[in-house]
Amino acid sequence: AITVLNDWLASHPEDVHVLERRAWHNYQLSQDDAAEADYRRILDIDPNHIKALVGLAQLCGVTKRGETGLPFAERAIGLDRWNRDALFHGAVCAAQAKHEHRARELFDDAHRLGDTNAAKHRRHYFGDETAHDQFSAALAIGSRGDKVGAAEAFEQATNLFEARVKVKGDE
């Protein structure tokens, strides 16, 4: 696939759709430098190309360069506030960059929009700090056969939920 994309780009060097496809293939092949170069080339052509912005944020997150990737994610979010991928990869970058409040906010937004990895990654970076986190932990503990540990985690989830209700005034 890379050979075909390269051949096309030799005569159409500004075809952002083909550059995007090549960047994705390079990313899949762990050719991170080539993927990053293609995403940056796309942004030279179209500074508001959301997929390139998200692709760079994702690549920076995977390579543990959250401080570098966060501005790309924030630009993508500014262009499309409901982009789940931008929110998720922005959260990963923010967590790596130690912008904990922003990371939590972005993980929560991505989760609310249906990102299936957001809650798991939030827990990875910040632990079990919400009722939902504790409930998920309880299910995982129970699936390992630890009934006492699961009961304790369910109890903690209930306590966190009750504390949240009191804070929010939803009694």
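## A walk through an all-helix chain

Let us start with a pair of helices: the axes of helix α6 (residues 84-96) and helix α8 (residues 118-126) come within 11 Å and cross at roughly 5 degrees. An angle under 35 degrees counts as roughly parallel, so α6 is described as roughly parallel to α8. Keep in mind as you look that this is a predicted model.

Which residues bring the two helices together? On the α6 side they are Phe88, Val92, Ala95 and Gln96, and on the α8 side they are Ala118, His121, Tyr125 and Phe126. Sorted by class, this contact has 6 nonpolar and 2 polar residues, with no charged residues.

Now step back and take in the whole protein chain. How many helices and strands does the chain have? There are 10 helices and 0 strands. Reading from the N terminus, the elements run α-α-α-α-α-α-α-α-α-α.

What about the overall outline? Along its principal axes, the C-alpha trace of the protein chain spans about 65 × 35 × 25 Å. The radius of gyration of the protein chain is 20 Å, while a compact globule of 171 residues would have one near 16 Å. Of the 171 residues in the protein chain, 39% are buried. You can also ask how the chain meets itself: among contacts between residues at least 6 apart in sequence, 41% join residues at least 24 apart.

With that picture in mind, return to α6 and find Ala91, which sits in this helix. Is Ala91 buried or exposed? Ala91 has a relative accessible area of 0% and is therefore buried, since buried means under 20%. Leaving aside residues up to four places away in sequence, Ala91 touches Ala103, Leu106 and Phe107.

Over in the partner helix, α8, look for Lys120. Here the relative accessibility is 53%, so Lys120 counts as exposed, the cut-off for exposed being over 50%. Lys120 and Ala138 are 18 residues apart along the chain, and their C-alpha atoms are separated by 13 Å.

Next, travel from Ala91 to Glu36. These two residues are 55 apart along the chain, and 19 Å separates their C-alpha atoms. Glu36 lies in helix α3 (residues 32-45). Where does its side chain find a polar partner? The side chains of Glu36 and Arg65 are joined by a polar contact of 2.9 Å. Glu36 has a relative accessible area of 13%, so this residue is buried. Not counting residues up to four places away in sequence, Glu36 touches Leu56 and Leu59 as well as Arg65.

Leu59 leads us to our last stop, Thr63. The side chain of Thr63 reaches the backbone oxygen of Leu59 at 2.8 Å. Which part of the chain holds Thr63? This residue is found in the loop between α4 (50-62) and α5 (66-79). With a relative accessible area of 26%, Thr63 is partly exposed, because that label covers values between the buried and exposed cut-offs of 20% and 50%. Finally, compare the path along the chain with the path through space: Thr63 and Gln31 are 32 residues apart in sequence and 12 Å apart in space, C-alpha to C-alpha.

How values were computed: Residues numbered from 1 in each chain as written. Predicted model: local features only at pLDDT ≥ 70, side-chain atom pairs only at ≥ 80, totals over all residues. Heavy atoms only, no water. Helix = DSSP H or I, 4+ residues; strand = E, 2+ residues; numbered from the N terminus. Buried < 20%, exposed > 50% of the residue type's maximum accessible area, 1.4 Å probe, protein only. Polar contact = N/O pair within 3.5 Å; in protein donor to acceptor, adjacent residues only side chain to side chain. Axes fitted to C-alpha atoms, helices over the stretch in contact; angles between N-to-C directions. Parallel < 35°, antiparallel > 145°, perpendicular 65-115°, else oblique. Contact = heavy atoms within 4.5 Å. Nonpolar A, V, L, I, M, F, W, Y, C, P; charged D, E, K, R; others polar. Rg over C-alpha atoms; globule rule 2.2 N^0.38 Å.
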